[in-house]
Amino acid sequence: MLAYQMIAPNEREDYLPYLRLADEEVGMIRRYLNDGQLYSLPLAGQSTVIGVMHVTFVDQTQVELKNIALLPAYRNQGYGQQALNDLKQMMVDLGYQTLLVGTGDGSLAAIGFYLRQGFRFDHIRKNFFEQYQAPIIENGIQLQDMVVLRQPL
């Protein structure tokens, strides 16, 4: 079980190592780090932080998951699915109606994960990864576009 903790804005930089697990470029993370809300994901009853989630509030009805990352030792054990489901409920409780998430066009595992969680393709942010200082290669594919998925809450 996870116990979510909101991270104060003045402490967010401390979580860059976690955020970099899902986004390699610190400069890109810093573009959204002070917007929205960052949550740490400690295991219930323990001080061990196994990951983070960062969301930004698009408008009064939509929230975007900017970053969800787990330490490698905690992946493929249901923690990501649990964190995402809990985030959905938190956002419903706050009155949001739609959750967006973006991932790279070559991020096949991430796309599959989000589709299994009930997201559907929404739109493409063309040439998104041109902003990055260095090319990102996943599954032998250089990322170019961001695939944005949407799920009604």
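1. Let's start with Thr98 and the company it keeps in this predicted model. Setting aside residues within four places in sequence, Thr98 is in contact with Thr61, Gln62 and Val63, and also with Arg150, Gln151, Pro152 and Leu153. Thr98 belongs to strand β5, which covers residues 98-104. Is Thr98 buried or exposed? Its relative accessibility is 12%, and buried means under 20%, so Thr98 counts as buried.

2. Now step back to the whole chain. It has 4 helices and 9 strands. Read from the N terminus, the elements follow the pattern β-α-α-β-β-β-α-β-α-β-β-β-β. Try tracing that order on the structure above with your finger.

3. Next comes the sheet. This is an open sheet of 7 strands, with mixed pairing and the order β1-β2-β3-β4-β5-β9-β6. Which strands stand at the edges? They are β1 (5-7) and β6 (120-125); each has a single partner strand, so one side of each is left without a neighbour in the sheet. From one strand to the next, the twist averages 30 degrees. As a reminder, strands of a sheet pair through backbone hydrogen bonds, and the pairing can be parallel or antiparallel.

4. For one pair in detail, look at β3 (residues 49-57) and β4 (residues 62-70). These two strands run antiparallel and are joined by 7 bridges. Within this pair, Val55 stands opposite Leu65 in β4. Helix α2 (residues 26-33) packs on the sheet, where it touches β2 (37-42), β3 and β4. The direction of α2 makes about 60 degrees with that of β3.

5. Helix α2 deserves a second look. Its buried residues include Met28, Ile29, Tyr32 and Leu33. Why do the buried residues of α2 line one face of the helix? Seen down the helix axis, they fall within an arc of 140 degrees, so they line one face. The general rule behind such patterns is that an α-helix has 3.6 residues a turn, so residues three or four places apart point the same way. The buried residues of α2 pack against α1 (16-19), β2, β3 and β4.

6. Val26 is also in helix α2. Not counting residues up to four places away in sequence, Val26 touches Leu16 and Arg20. Gly118 sits 92 residues from Val26 along the chain, and the C-alpha atoms of the two are separated by 29 Å. Gly118 comes just after α4 and takes a positive phi of about 100 degrees.

7. Two more helices are worth finding. Helix α3 (residues 79-93) lies across β2, β3, β4, β5 and β9 (146-152), and runs at about 155 degrees to β4. In helix α4 (residues 108-116), the buried residues are Ile111, Gly112, Phe113 and Tyr114. Their cover includes β4, α3, β5, β6 and β9.

8. Finally, some overall values. A compact globule with 153 residues would have a radius of gyration near 15 Å, and the chain has 15 Å, which agrees. Along its principal axes, the C-alpha trace spans about 40 × 30 × 30 Å. Buried residues make up 46% of the 153 residues. Of the contacts between residues at least 6 apart in sequence, 63% join residues at least 24 apart. The accessible surface comes to about 8100 Å², and 48% of it belongs to carbon and sulfur atoms.

How values were computed
Residues numbered from 1 in each chain as written. Predicted model: local features only at pLDDT ≥ 70, side-chain atom pairs only at ≥ 80, totals over all residues. Heavy atoms only, no water. Buried < 20%, exposed > 50% of the residue type's maximum accessible area, 1.4 Å probe, protein only. Contact = heavy atoms within 4.5 Å. Pairing = 2+ DSSP bridges. Axes fitted to C-alpha atoms, helices over the stretch in contact; angles between N-to-C directions. Arc of directions from axis to C-beta. Rg over C-alpha atoms; globule rule 2.2 N^0.38 Å. Areas by Shrake-Rupley, 256 points an atom, 1.4 Å probe, with all protein chains shown as cover.
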